[in-house]
Amino acid sequence: MLDDPVRLARSWRRLWLPALALTTIAASPAAAATTFYAESKSTRTTQPCAQATPCKLDYAMLAAGNGDDVSIAPGDYYDSATTPYAGLPPVANGVTVHGSSKSDLPTLHGRVVTATPFLDVQGGGGARP
């Protein structure tokens, strides 16, 4: 077998290709989770929704995907001025939504729709522990 270069090349290829595939899979970085920051007075509807440049709440919720989270700064959240939200975008599966402060929670005014059955937000007040 070692005398036949064609067989040797085929044998090498059979071992090399799977090893290369495993190395590529192992070396591929997992998609990093992103935190989308929302602030009650923000009018920003473009990314990044960074801590220094937070977005509108509805935009941050739409931009977040599986594995991401939305950090909501304290404040009163309205669709515009003092008009309550007719309906915020649904929270996508795998997205975590949380207040940025444990002592000063945000208050969402209007209707919040969730895609998850275990989260119930009613009225417009922020849920308090």
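This is a short tour of the structure, moving from the whole chain to a sheet and then to one pair of residues.

The model is predicted, with local features requiring pLDDT of at least 70 and side-chain atom pairs counting only at pLDDT 80 or more, while totals for chains, interfaces and linings use all residues. Residues are numbered from 1 along each chain as its sequence is written, and side-chain values use heavy atoms, with hydrogens and water left out.

Begin by selecting the whole chain and colouring by secondary structure, where 2 helices and 7 strands appear; both kinds of element are DSSP runs numbered from the N terminus, helices being H or I of at least four residues and strands E of at least two. Followed from the N terminus, the order of elements is α-β-α-β-β-β-β-β-β.

With the surface switched on, the chain exposes about 8800 Å², of which carbon and sulfur atoms supply 58%, by the Shrake-Rupley method with a 1.4 Å probe. Of the 129 residues, 26% count as buried, that is, under 20% relative accessible area with a 1.4 Å probe and protein chains only.

Next, select residues 35-38 and 96-99, which are strand 1 and strand 5, the edge strands that each pair on one side only. They belong to an open, parallel sheet of 3 strands in the order 1-2-5, where pairing requires at least two DSSP bridges between two strands.

Now add residues 69-72, strand 2, which runs parallel to strand 1 and is joined to strand 1 by 4 bridges. Finally, zoom in on Phe36, whose bridge partner in strand 2 is Val70.

Terms used:
Buried means under 20% relative accessible area, exposed over 50%, partly exposed in between (1.4 Å probe, protein chains only).
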